[in-house]
Amino acid sequence: MATAQVVDIPLPALPQGWSAEKDHKVLAALSSATQRNVEPVGPHFLAHARRKRHNRTFSEDERIQAQEKVKKVEEEDELSDISEPEDPVMLSRDAKDWKTIMPSSASASSATRPPPSEIKRAHRKKVLRHHPDKKAASGQGENDNFFKCIQKAAEILLDPVKRRQFDSVDEAANVDPPTKKQLQKGNFYELWNRVFESEARFSNKQPVPMLGDEHSTKEEVENFYNFWYNFDSWRTFEYLDEDVPDDNENRDQKRHIERKNANARRKKKTEDTARLRKLVDECLAGDERIKKFRKEERAGKDKKRLEKEAEAKRIAEEKERQRQEEERRKKEAEEAAKAEREAQKKAKEAAKNAAKKNKRVLKGSVKDVNYFAESGDPSPAQVDAVLNDVELVMSKISPEELAALATKLTNAGKDVAAVKATYAEEVKRLVGEGKLKEGEVKTFA
């Protein structure tokens, strides 16, 4: 354990010249004492005074007060219509039949249903009237079955979750669909609206669209039927479950009952969905607005069909016209292409013939100068060398250059020097353009 340490810290010194007589200021003062009379009050004092006055013990006073309270509640009960008269058959029910004791006011809609305070008040009067101790005191026996049913019913009505489970199966709040006879005499929309207003209390989605009347738009009618064909109900049917035993001795039996209740709830949910779907089908079958909308839709479809057919015919005619125009343009293009090909072919043939002629001129030019032989006939090797060089030059020049060279050689005639100079000039040009290598052509050097 840590030990305490004493730290000596001196108090700050008073300002110089300070004195209690001169510098002390009085901020407040105690008021003078006031004498008052105190009297005992409150429910506990009143109970003490009552016991002293009547010379009663605690138990006697409590018993007498309870009797007076019961008498007061019974007097109020005579003036109130909240507490319903009991059926003798109900008074003879067993406690396990508590589900049959629910008051008829519980079946009212949320708008007309008594508030929790009224339910508590009615429950209190029922309890005071049917409490086993009171019945035993009045000689009516000690049967507490009906009292247990009252307690269970109040527990259901005052608990929001259990009350919702009760409302889930409250058949007294249901409205039956109209019969054919009722529909013949009454208003179709008013009769069916009552049914859907009753079913709307089970919807998770709020607000719920109603059936409307003969003036409702197509969108409103479609929204109504789409909503009810996809109705999202909060009904669970747990109120109709078989009671699960509270003891822990037979757990298998408890689990069996729980599974049985779960299966029963699913079955009831499926049946309720089918029942509601049947209601919507019946309403839809007799709804004159649907027939009117379908007739208008058919008329609109016929109009659209005719417009579509006319548009299809116009499009087909337009396509046929375009096809014919395309065929005409295609034919003209083919004829023009054919004429161009023929012209190109002729030009190509003319160019080919001209090239052949020019090549003959080039070969004839060296022949006319005796293949540059200085005297006598040239040797075969010299002829081959000259012709090979002529062929090499012809392979490196374009048809236009070939024609220009042929013209120069024609002008040179049989002048050996002029012919050789013409070839030498052409070779020099080709070497300069990089088409021939230096020294590649030797006979024209």
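**Exercise 1. Contacts and overall make-up**

Task: State what share of the contacts in the protein with a separation of 6 or more comes from residues 24 or more positions apart.

Solution. Contact means heavy atoms within 4.5 Å. Among contacts with a separation of 6 or more, residues 24 or more positions apart account for 65%. The structure is a predicted model, in which local features need pLDDT of at least 70 and side-chain atom pairs count only at pLDDT 80 or more, while totals for chains, interfaces and linings use all residues. Residues are numbered from 1 along each chain as its sequence is written, and side-chain values use heavy atoms, with hydrogens and water left out.

The secondary structure comes to 16 helices and 0 strands; helices (H or I, at least four residues) and strands (E, at least two) are DSSP runs, numbered from the N terminus. Of the 445 residues, 25% are buried, that is, under 20% relative accessible area with a 1.4 Å probe, protein chains only.

**Exercise 2. The setting of Asn358**

Task: Determine whether Asn358 is buried or exposed (over 50% relative accessible area).

Solution. First, locate the residue: Asn358 is found in helix 13 (residues 288-368). Next, apply the cut-off: Asn358 has 14% relative accessibility and therefore counts as buried. Finally, list its partners: apart from neighbours within four places in sequence, Asn358 is in contact with Leu402, Ala403 and Ala406.

**Exercise 3. The span of helix 12**

Task: Compare the expected span of helix 12 (residues 251-286) with the distance between its end C-alpha atoms.

Solution. The expected span is 1.5 Å times one less than the number of residues. For the 36 residues of helix 12 this gives 52 Å, and the end C-alpha atoms lie 53 Å apart, which agrees. The buried residues of helix 12 include Ile257, Asn261 and Asp272. Their cover includes helix 10 (188-199) and helix 11 (218-229).

**Exercise 4. The pairing of helix 15 and helix 16**

Task: Describe how helix 15 (residues 399-412) and helix 16 (residues 416-433) are arranged.

Solution. Two packed helices are described by the angle between their axes and the distance between the axes. Here the axes come within 8 Å and cross at roughly 155 degrees; they are lines fitted to C-alpha atoms over the stretch in contact, with angles from 0 to 180 degrees between N-to-C directions. Angles over 145 degrees count as roughly antiparallel, so helix 15 and helix 16 are roughly antiparallel to each other. At the interface, residues of helix 15 including Leu405 and Leu409 meet residues of helix 16, among them Val419 and Tyr423.

How values were computed
Parallel < 35°, antiparallel > 145°, perpendicular 65-115°, else oblique.
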